[in-house]
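Subject: Structure handover and notes

Dear colleague,

I am passing on the structure we spoke about, with my notes on what the atoms show. Please read the notes beside the model.

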Amino acid sequence: MLKRISIPIVICLFLFHICGSVFAQNDWHVGRMPNGIGLHICQTDSDYVSVAFRYKVGAVNDPAGKEGLAHLFEHIAFHGSKRVSRREVDDTVALHAGRCDASVGWFETVYIWELPVSHWTFALDFELDRISSLSITNEQLELEKRIIAR
């Protein structure tokens, strides 16, 4: 008898396959920041750098009855910090034709930035700042709850 494989598992396996080949094709420099966060840096071409921050917190860490908490926090993390507003993040990324994205897996959350070589430290500075001083209003929290609940 064949067991049914859920769609999320199939999607995860597919993404793992694609991401694995992307990581294998590029020269990623892997390290760990003093606070334990995994840091992956790759110069994707002569002008751009990809930076990935890997947190060892994922859906498996959601408390019973509060599934989706890791995903909610991933959304909240894009709202800025006390020093850097969401608008500044969006404007910096757009001005330099960059990209900023994130994903929550079962065991980890990954934030990925692609910025010009001349501005890659913006990602590092912002990531370090939002770890210590994430800034969000009650209105933003309620908005993200509604988005996650869809």
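The notes below go from the overall fold to the core, the aromatic rings, the salt bridges and the surface.

This is a predicted model, in which local features need pLDDT of at least 70 and side-chain atom pairs count only at pLDDT 80 or more, while totals for chains, interfaces and linings use all residues. Residues are numbered from 1 along each chain as its sequence is written, and side-chain values use heavy atoms, with hydrogens and water left out.

Overall fold

The protein chain contains five helices and five strands, which follow one another from the N terminus in the order α-β-β-β-α-α-β-β-α-α; here helices (H or I, at least four residues) and strands (E, at least two) are DSSP runs, numbered from the N terminus. Of the 150 residues in the protein chain, 31% are buried, where buried means under 20% relative accessible area, exposed means over 50%, and partly exposed lies in between (1.4 Å probe, protein chains only). If one takes the contacts (heavy atoms within 4.5 Å) between residues at least 6 apart in sequence, 60% of them join residues at least 24 apart.

The core and helix α2

The largest nonpolar core, a core being a set of buried Ala, Val, Leu, Ile, Met, Phe, Trp, Tyr and Cys residues joined through side-chain atoms within 4.5 Å, has 20 residues, and those with the most contacts inside it are F53, V89, Y111 and W113. At least two residues of this core come from each of β3, α3 (86–95), β5 (109–116) and α4 (120–133). Leaving aside residues up to four places away in sequence, F53 touches a set of residues that includes M33, I37, L39, Y111, W113, A123 and L124.

In α2, the buried residues are A70, L72, E74, H75 and I76, and the buried residues of this helix pack against β4 (99–104), β5 and α5 (138–149).

Aromatic rings

Rings of Phe, Tyr and Trp (its six-membered ring) pair if their centres lie within 6.5 Å, with planes under 30 degrees apart counted as stacked, over 60 as edge-to-face and the rest as tilted; by this rule there are six aromatic pairs. One of them is the edge-to-face pair of Y55 and Y111, whose centres are 5.7 Å apart and whose planes meet at 85°. This pair links distant parts of the chain, since Y55 belongs to strand β3 and Y111 to strand β5, 56 residues apart. Y55 is buried at 18% relative accessible area, and Y111 is buried at 3%. The pair of F122 and F126 is stacked, because the ring centres are 6.5 Å apart and the planes are at 5°. Both F122 and F126 lie in helix α4, four residues apart, or about one turn of the helix, and both are buried. Y55 and Y111 also join F78 in one aromatic cluster.

Salt bridges

The structure holds seven salt bridges, each being a side-chain nitrogen of Lys or Arg within 4 Å of a carboxyl oxygen of Asp or Glu. In one of them, E108 and R54 meet at 2.8 Å, N to O; E108 lies in the loop between β4 and β5 and R54 in strand β3, so this pair ties together parts that are 54 residues apart in sequence. E108 is partly exposed at 25% relative accessible area, and R54 is partly exposed at 32%.

Within helix α5, K145 and E142 form a salt bridge at 3.4 Å, N to O, and these residues, three apart in that helix, are separated by about one helical turn. K145 is partly exposed at 40% relative accessibility, as is E142 at 38%. Salt bridges that share partners also join R99, D101 and E114 into one network, in which D101 and R99 meet at 3.7 Å, N to O.

Surface

The protein chain exposes about 10100 Å², of which carbon and sulfur atoms supply 61%, with accessible areas taken from the Shrake-Rupley method with a 1.4 Å probe and, for residues, only the protein chains shown counted as cover. V60, W106 and F107 form a nonpolar surface patch with about 360 Å² of accessible area together; patches are made of residues with over 30% relative accessible area and no salt bridge, like charges being joined within 9 Å and nonpolar side chains (Val, Leu, Ile, Met, Phe, Trp, Tyr) within 5 Å. V60 sits in the loop between β3 (48–55) and α2 (69–76) and is partly exposed at 36% relative accessibility.

Best regards
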